[in-house]
Amino acid sequence: MGATHPHPEGCFLDCPTCERLRRAAVEIAVRDGIDRTTTAGTAELAGVPVDEAVGHYPTAEDCLAAAYDEGALMLRRVCARALRGEGTWRDRLGSAVDMALEAFAERPQLARYCFVEASYSSLPMLSASRVADRERLVRILAEHHGPVSRGEDLPELRFEVMVGAAHHAVREQLDGHGGDVTLRQRLDQLIDLFERPNSATVG
């Protein structure tokens, strides 16, 4: 996820004010909707004066995009770390799913914001972030998959479909349309669907 929008000028990477503003924006977006997320409302919830908030994120969309990027970075790091591990490709994908579920379980509002609310938004920055997210996850999968057999379909095309299907599955589950199947089970089914018998093994 994420088009990696520039960090506010003059702020260091882990600026506590920026973090409070992002968390507040996510809370409002999940509770009231992205269209009702404003700079004034975000600043009030974060306990930050509006003038100061604008100095960190000039518009509500800037703050929302930065919050999305935060979730995107977390997901990319988790996936890359898991896919660098040992075992079959199927094993490593399973580890990536487990680690991602664990990470987002600690930030449930961020998970819902990134996978549900943002997916329905037409804000230009969020749309750009979703596109960039898919491209980056596809590259991570392709980079860590290893060599493919001659004649196999283009791996990046397959991974692009996989990423799209995974995002859809997570959104449906968080939106309450998962039925009796858990999210982990749905993602396992996706992995099985896209897995190939000749998966690479590392280690």
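Student: How much area does the protein expose, and what share of it do carbon and sulfur atoms supply?
Tutor: The model is predicted, local features need pLDDT of at least 70, side-chain atom pairs count only at pLDDT 80 or more, and totals for chains, interfaces and linings use all residues. Residues are numbered from 1 along each chain as its sequence is written, and side-chain values use heavy atoms, with hydrogens and water left out. Accessible areas come from the Shrake-Rupley method with a 1.4 Å probe, and for residues only the protein chains shown count as cover. The protein exposes about 10,600 Å², of which carbon and sulfur atoms supply 54%.

Student: How many aromatic pairs does a search of the whole structure find?
Tutor: Rings of Phe, Tyr and Trp (its six-membered ring) pair if their centres lie within 6.5 Å; planes under 30 degrees apart count as stacked, over 60 as edge-to-face and the rest as tilted. The search of the whole structure gives 2.

Student: Why is the pair of W89 and F159 classed as it is?
Tutor: The ring centres of W89 and F159 are 5.8 Å apart. Their planes stand at 50°, so the pair is tilted.

Student: Which helices hold F104 and F115?
Tutor: These two residues form an edge-to-face pair, with 5.5 Å centre to centre and 75° between the planes. Helices here are DSSP runs (H or I, at least four residues), numbered from the N terminus. F104 lies in helix α5, and F115 in helix α6 (residues 108-117).

Student: Are F104 and F115 buried or exposed?
Tutor: Buried means under 20% relative accessible area and exposed over 50%, with partly exposed in between (1.4 Å probe, protein chains only). Both F104 and F115 are buried.

Methods: Helix = DSSP H or I, 4+ residues; strand = E, 2+ residues; numbered from the N terminus.
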